[in-house]
Each structure stands twice: as structure tokens, then as C-alpha cells.
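Open the structure in your viewer and set it to a plain cartoon. We will start at a pocket and then step back to take in the whole chain.

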Amino acid sequence: MPDPHDTDPIRAALAGIASLLAPAHPDVAEEVLRAHDSPEDYVNAFADRLDGRGIDEPVDDLAWIALVDALAAHGLLAEFDWKEDPQEIRARLRQLESRPAGDPWVLFEAGTTALPTDAYLDACGRRYRESGAALAVLDIDSDCYPVVGLPAARADELTALAARAGFPVHHLGTDPGGP
């Protein structure tokens, strides 16, 4: 009899996202799949981490939250408040393990540090694209921006996998009419 996990398209998409965003960290996929397969077990195992998000029992988007938290724990995601200082954003993006090899910051023009958080993140997304990288927000329906970096050539793959899993992803700096 086949394992029911083998035919679960949401589970497969979550595993694909974890593999795409954390190829050197298989434990990210393990955490995400644990949250999907055994939500009660995941909540019990990661109670301290989830407490900061006000989660003390399984919620519908637990696997997505687990992905965000696991990526952050490995330095693969930076979570920004809606009123984050641009210099703090820049500093934390530089710390991401997934940052581009080239320095996109040399492409910034004067005055961008006065932008509000959303506009500054879009400007960062445009500069990353010029370096062959992409920045994406893994939307957790909050007033924050959980941002990941990945190769620009794989951005559409992330979007497709997230759609299959039922979660929104927003790519930064892709709207030509944006700030």
C-alpha cells in the first residue's frame, strides 16, 4: 500500500520550497513537513519559537510559519517590521546566506534610505535582480515582511510551488511601475 504522504501535493510543494530555499539544510524541510504531517507534535516541539507569534495550538498555516521560522533560524530569511529602518534592512539582507555574490548595494542611488519600508524593499529587490538574485516575501498575513533570497532564475519556480501549497509569495522589485 503506498504511503499517503507520497500523493499529497501540498506536502510535495512544501518539500520543494524548502529544498529550493535551503538546499544545504535538509532539517528545514524536516521541520516544515513535521508541521504539515503532525501539527500537534510540531507545536509541542517548537512551543518557545511559536510563543513569539502568539501560536499555542495548530493553525491552518502552521507549515508556512514553520518554513519562515526554520529559514530564519538558518540565516536564510530576514523578517522586517513594517516600519523598519532602511539601514537595518540593508544590514540584515547582507547577513543572509543567500545573498548574491556581487554587492548590489553599489547600485543604490542617493536618497533611497529615506523610503518607507515597502518601497525600500522593492528598491532592494530591483537591485538584487540586477545581480542575478531575487528577493521574495513569504506572506504570513502579518504586518511584517519575511524576506528570502534566491537565484532570480528560480523565482517563478518558488511562485508555482507556493501556489500549489496554497500560500502567497510576493517578489520584490518586479513591478516596473513600483517605487
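Begin with the residues that line the largest pocket: eight of them are nonpolar, three are polar and two are charged. Colour the lining by these classes and you can see the mix for yourself. Keep in mind as you look that this is a predicted model.

Next, select Leu-20, Leu-21, Pro-23, Ser-98 and Gly-149. Of the 13 residues in the lining, these lie nearest the centre of the pocket. With a surface switched on, look for a space of about 150 Å³, the volume of this largest pocket.

Which elements give two or more residues to the lining? Select 9-21 for helix H1 and 144-151 for strand E3, and you have them both. Strand E3 makes the largest share of the lining, with three residues.

Now zoom out and colour by secondary structure. You should find eight helices and four strands in the protein. Trace the chain from its start and the order reads α-α-α-α-α-β-α-α-β-β-α-β.

Staying with the whole protein, try colouring by burial. How many of the 179 residues are buried? The buried share is 44%. On the outside, the protein exposes about 8,900 Å², and carbon and sulfur atoms supply 50% of that area.

For a last stop, display the contacts. Among those with a separation of 6 or more, 58% link residues 24 or more positions apart in the sequence.

How values were computed:
Residues numbered from 1 in each chain as written. Predicted model: local features only at pLDDT ≥ 70, side-chain atom pairs only at ≥ 80, totals over all residues. Heavy atoms only, no water. Buried < 20%, exposed > 50% of the residue type's maximum accessible area, 1.4 Å probe, protein only. Contact = heavy atoms within 4.5 Å. Areas by Shrake-Rupley, 256 points an atom, 1.4 Å probe, with all protein chains shown as cover. 1 Å grid on protein atoms, 1.4 Å probe; cavity = no way out; pocket = protein on both sides within 12 Å on 5 of 7 lines; lining within 4 Å. Points joined across faces, edges and corners; volume = space filled by probe spheres on them. Nonpolar A, V, L, I, M, F, W, Y, C, P; charged D, E, K, R; others polar.
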